[in-house]
Amino acid sequence: MRSLDDLRASLVSTRGGAVDDSIPQLAEADPELFGAALAHPDGEVVASGDARHPVSIQSAVKPFLFALALADTDGEALDRVGIEPTGEAFDSIKLESDTGRPPNPMVNAGALLTANLVSGDSGEARTRRILAGLSAFAGTDLDYDREISECEQLHGDRNHALAHLMRSEGTLDETADEAVAVYARACSVMVDAAALAVMGATLAFGGRNPVTGERVVSAAVARDVVSVMATCGVYDGSGRWMRSVGVPAKSSVSGAIVLSAPNRLGAAVISPPLDELGTSVRGEALSRALSEEHGLHAFGYR
Ligand code: GLN
């Protein structure tokens with residue numbers, strides 16, 4: 001079997017895509033950065049390239065916000081957010097027309113809501129709960145970058161618009177400013193590929209962190225989250241992704257991708273240049289190579 005180092009090295013020369021420019025900190029990312037990691041059921045973590053270089057987690061946080069919201073609301077979060085793919089961009093200003101709910105937890109509208117369904121009687125308290133929860137998924141202490149979160153709030157006009165829209169529909173309980181602040185902090189949490197792979201593995205192994213042994217969420221919650229990653233995790237590229245990679249995953253504008261192959265492994269790839277749908281170009285190529293090498297495709301025959 002080809003090692004992670006071999007697979008990564010074979011894709012270093014892959015070009016294409018552009019670094020996100022929605023905030024200065026993302027625009028300044030090194031396009032050559034390329035890290036990857038695998039987390040196995042026995043807790044072994046295999047790291048390659050720039051796997052210890054932290055980036056802001058951005059939308060790769062969304063599966064974990066959904067998981068924490070499900071856990072903290074005893075499943076009520078499933079009544080508050082839809083689970084159907086949108087076929088539209090991640091920041092589309094669109095809610096379900098009959099209910100006013102966000103279409104799914106993997107687009108911005110949904111994550112703005114799930115970030116604010118976690119326990120806590122203030123934005124600060126919810127932020128602390130999110131940091132503690134994400135750290136448990138990763139098996140290491142995570143924190144958010146204050147400058148990035150300020151910038152996200154300043155430049156996140158579409159997120160403010162979505163929050164106001166949900167508030168006017170009665171879907172969001174908090175004020176728009178507070179909801180956007182909590183979500184922006186969650187997107188600004190710094191992770192490296194090694195930590196993100198363990199987060200993916202915790203979902204892949206039914207909510208139990210394979211490194212620390214801690215049960216972070218129930219198996220039922222993990223299954224719900226991974227199911228929605230499979231159908232909605234790569235936004236309007238989810239169909240293409242499922243066909244070619246076949247592993248539930250979540251993409252993000254920092255170029256991070258987290259993958260959860262149920263009962264097999266967790267993985268993460270970080271490479272900033274993105275394609276037109278916001279998916280890391282080298283990240284997708286390496287995910288496909290990993291899926292083939294390890295026989296991870298959900299509908300593959302062996
Ligand atoms: N912080 C970004 C936003 O809300 C996250 C989007 C993403 O990674 N696709 O716009």
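Q: Leaving aside neighbours within four places in sequence, which residues is Tyr235 in contact with?
A: First, a caveat: this is a predicted model, where local features need pLDDT of at least 70, side-chain atom pairs count only at pLDDT 80 or more, and totals for chains, interfaces and linings use all residues. Numbering runs from 1 along each chain as its sequence is written. Contact means that the C-beta atoms of two residues, placed from the backbone, lie within 7 Å. With sequence neighbours up to four places away set aside, the partners of Tyr235 are Ala89, Phe90, Val107, Leu277 and Gly278.

Q: Is Tyr235 buried or exposed?
A: A residue is buried if 20 or more other C-beta atoms lie within 10 Å of its own, exposed if 12 or fewer, and partly exposed in between, with C-beta atoms placed from the backbone. Tyr235 has 24 other C-beta atoms within 10 Å, so it counts as buried.

Q: Which residues does Val253 touch, not counting those up to four places away in sequence?
A: Val253 is buried because 24 other C-beta atoms lie within 10 Å. With that sequence window left out, Val253 touches Asp20, Ser22, Leu26, Gln58, Ser59, Leu274 and Gly278.

Q: Which helix gives the most to the largest nonpolar core?
A: A nonpolar core is a set of buried Ala, Val, Leu, Ile, Met, Phe, Trp, Tyr and Cys residues joined through C-beta atoms within 7 Å. The largest one has 96 residues, with Leu112, Ala197 and Ala268 making the most contacts inside it. Helices here are DSSP runs (H or I, at least four residues), numbered from the N terminus. The top contributor to this core, with 10 residues, is helix α10 (residues 193-204).

Methods
Helix = DSSP H or I, 4+ residues; strand = E, 2+ residues; numbered from the N terminus.
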